[in-house]
Amino acid sequence: MTLNIRTTIKTPKIFDGLHIKHGNCESDAGMLHIAFTAHGLCWLGFEETEINSRYLMKKRFAGAHFTEDNAAAQAWSTRITHAWSGVDVEEINLDLYGTAFQISVWKALLKITNGKTKSYGDVALDIGKKKNAARAVGGAVGSNPISILIPCHRVIQHNGNFENYLWGSAKKKNLLGAEGVL
């Protein structure tokens, strides 16, 4: 799988006029909420958790124009679940918006292969920071807008605990279980 990443460093008002299509669809990973721009996937969350994915997406992209398109979201779903499960797919374009630090962390997460985990401190080392930057890495991991494809669920605490996942510890446990980690 090839993930083409278009990144934009956050600036005020960056989302004014941005058009985002979004929708829900069922997948092997659960009910997904998918959003995309003309440049690629910009949001991937879960609908069946206590967290409201639509609310978070609209808050993150304040000022953008949103259009619901469940059929287009379904077309993305097959490619996303194939990529997550390790099946070869054509390239997937990601349209990422974040700080330079966040983007560096998200790119490091892309290198954690299916069935493996890393600690927050390990990710800090991967991006050229000291292991004590784990807390800052945790903040960037927690702000990841594209769950499962940018595999933030594969980052665990150094003691092996896997709490503090935006979509809930049960969802993280299910994803890691499906990948053969647990």
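**A pocket, a core and two residues**

β4, α4 and α5 each supply at least two residues of the lining of the largest pocket in this predicted model. Among these elements, α5 gives the largest share of the lining, six residues. The volume of this pocket is about 400 Å³. Its lining has 23 residues, and Tyr120, Ala134, Gly138, Gln157 and Asn164 are the closest to the pocket centre. By type, the lining residues divide into 10 nonpolar, 10 polar and three charged.

The next topic is the core. In soluble globular proteins, nonpolar side chains tend to be buried together. Here the largest nonpolar core has 50 residues, and those with the most contacts inside it are Ile34, Phe61, Ile80, Val105, Leu109 and Leu149. Two or more residues of this core come from each of β2, β3, β4, α2, β6, α3, α4 and α5. Ile34 serves as an example: leaving out residues up to four places away in sequence, Ile34 touches Trp43, Leu44, Trp76 and Ile80, among others.

Two single residues show the two ends of accessibility. His153 is found in the loop between α5 and β8. His153 counts as buried because its relative accessibility is 0%, and the cut-off for buried is under 20%. Beyond its neighbours within four places in sequence, His153 is in contact with residues including Trp84, Tyr165, Lys172 and Glu179.

Gly180 lies in the segment after α6. Gly180 has a relative accessible area of 56%, and exposed means over 50%, so Gly180 is exposed. Gly180 and Gly115 are 65 residues apart in sequence, but their C-alpha atoms are 5.6 Å apart in space.

Methods: Residues numbered from 1 in each chain as written. Predicted model: local features only at pLDDT ≥ 70, side-chain atom pairs only at ≥ 80, totals over all residues. Heavy atoms only, no water. Helix = DSSP H or I, 4+ residues; strand = E, 2+ residues; numbered from the N terminus. Buried < 20%, exposed > 50% of the residue type's maximum accessible area, 1.4 Å probe, protein only. Contact = heavy atoms within 4.5 Å. Core = buried A, V, L, I, M, F, W, Y, C linked by side-chain atoms within 4.5 Å. 1 Å grid on protein atoms, 1.4 Å probe; cavity = no way out; pocket = protein on both sides within 12 Å on 5 of 7 lines; lining within 4 Å. Points joined across faces, edges and corners; volume = space filled by probe spheres on them. Nonpolar A, V, L, I, M, F, W, Y, C, P; charged D, E, K, R; others polar.
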